[in-house]
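Reader: I would like to learn how to read a binding site. Where do I start?

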Amino acid sequence: MKKIGVIFDLDGVIVDTAKYHFLAWKRVADTLGFEFTEEHNELLKGVSRVRSLEILLNIGTVALSEIEKRNALIRKNEDYLGYIRNMSADEILPGVLDFLNELDSKGIKYALGSASKNAPLILKQVGLYNRFEAIVDGNDVSKAKPDPEVFLIGAKKLNLAPKTCIVFEDAIAGIEAANRAHMISIGIGDKDTLNSANFNFNDLTKVPKDFIEVLMQRVG
Ligand code: BG6
Ligand code: MG
């Protein structure tokens with residue numbers, strides 16, 4: 001059997017920070033005077049901070065100068081940091097710790113592949129920073145998801161060929177990035193939204209016990 005590796009997205013897979021991103025973006029929209037709904041927020045998942053602002057401004061049909069955009073990005077992140085500085089281990093999503101323990105017991109290496117520039121802080125807040133073999137985040141990439149760069153760097157850091165890597169993702173842009181990297185994509189969340197994933201589960205508690213073995217045979 002071939003050696004395999006796992007790459008996890010952070011927001012929405014390891015921790016439920018999407019709600020904090022939503023609150024912080026909603027405040028930007030409120031200030032600019034338009035409505036921003038949870039449905040709109042789906043479009044921002046997995047997408048970089050700068051691109052998220054572009055999408056948000058499109059939703060509100062608002063045009064900002066470069067300086068105003070920079071200020072909106074700073075304000076949004078300050079708000080967001082206010083939420084994540086209060087995070088602790090109880091915000092790790094269901095099934096994550098058991099799944100990581102299982103990977104450890106099988107000697108399977110795992111990395112983080114996140115669009116967030118706040119990923120190291122979040123991992124430290126919830127006590128998971130030292131568990132990953134490698135951390136690749138928004139500070140390490142020049143091209144955001146759906147570009148495969150973040151996952152390809154992750155595979156390199158795990159010393160594995162992309163086709164032997166399994167990616168857990170909750171965002172459409174992230175599934176596309178994993179598919180474009182020729183990795184096995186696992187959608188976490190709504191199956192219809194993530195319909196281009198190779199496999200789908202509602203959360204990590206739903207991953208069958210023998211799933212990793214089955215995948216090892218598939219890539220081997
Ligand atoms: C992704 C989130 O993980 O990170 C996006 O799904 C977010 O919603 C992106 O915009 C960038 O995050 P940050 O923390 O760098 O603003
Ligand atoms: Mg995500």
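Author: We take the two ligands in turn, and keep in mind that this is a predicted model.

Reader: Which residues are closest to ligand 1?

Author: Begin with the list of neighbours. Here 15 residues surround ligand 1, and the closest are Asp11, Gly46, Val47, Ser116 and Lys117. Sorted by class, this shell has 4 nonpolar, 6 polar and 5 charged residues.

Reader: Which helices supply at least two residues of that shell?

Author: They are α3 (49-59) and α4 (66-84).

Reader: What do I look for next?

Author: Polar contacts, which are pairs of N or O atoms within 3.5 Å. Polar backbone atoms of Gly46 and Val47 each lie 2.7 Å from an oxygen atom of ligand 1. For Leu44, the distance from a polar backbone atom to a ligand 1 oxygen is 3.1 Å. The protein covers 97% of the 390 Å² of accessible area that ligand 1 has on its own.

Reader: Where does ligand 1 sit?

Author: In the largest pocket.

Reader: Which residues coordinate the magnesium ion, ligand 2?

Author: For a metal, list the donor atoms and their distances. Asp9 (OD), Asp11 (O) and Asp170 (OD) coordinate the magnesium ion at 2.0 to 2.1 Å. Along the chain, these donors follow the spacing D-x1-D-x158-D.

Reader: Why does the pair Asp9 and Asp170 tie together parts that are far along the sequence, 161 residues apart?

Author: Look at where each one lies. Asp9 is in the loop between β1 (5-8) and α1 (18-32), while Asp170 is in the loop between β4 (165-169) and α8 (172-180), so the pair links parts 161 residues apart in sequence.

How values were computed
Residues are numbered from 1 along each chain as its sequence is written. Chains are lettered from A and ligands numbered from 1 in the order in which they are written. This is a predicted model: local features need pLDDT of at least 70, side-chain atom pairs count only at pLDDT 80 or more; totals for chains, interfaces and linings use all residues. Side-chain values use heavy atoms; hydrogens and water are left out. A residue is near a molecule or strand if one of its heavy atoms lies within 4 Å of it. A polar contact is a pair of N or O atoms within 3.5 Å; within protein, one must be able to donate a hydrogen and the other to accept it, and residues adjacent in sequence count only if both atoms are side-chain atoms. Accessible areas come from the Shrake-Rupley method with a 1.4 Å probe; for residues, only the protein chains shown count as cover. On a 1 Å grid over the protein atoms alone, a cavity is a set of points where a 1.4 Å probe fits but cannot get out, and a pocket is an open set with protein on both sides within 12 Å along at least five of seven lines; lining residues have an atom within 4 Å of a point. A molecule sits in a cavity or pocket if more than half of its atoms lie within 2 Å of its grid points. Helices (H or I, at least four residues) and strands (E, at least two) are DSSP runs, numbered from the N terminus. Ala, Val, Leu, Ile, Met, Phe, Trp, Tyr, Cys and Pro count as nonpolar, Asp, Glu, Lys and Arg as charged, and the others, Gly among them, as polar. Donors are N, O and S atoms within 2.8 Å of the metal (3.2 Å for Na, K and Ca); water is not among the atoms, so sites may look incomplete.
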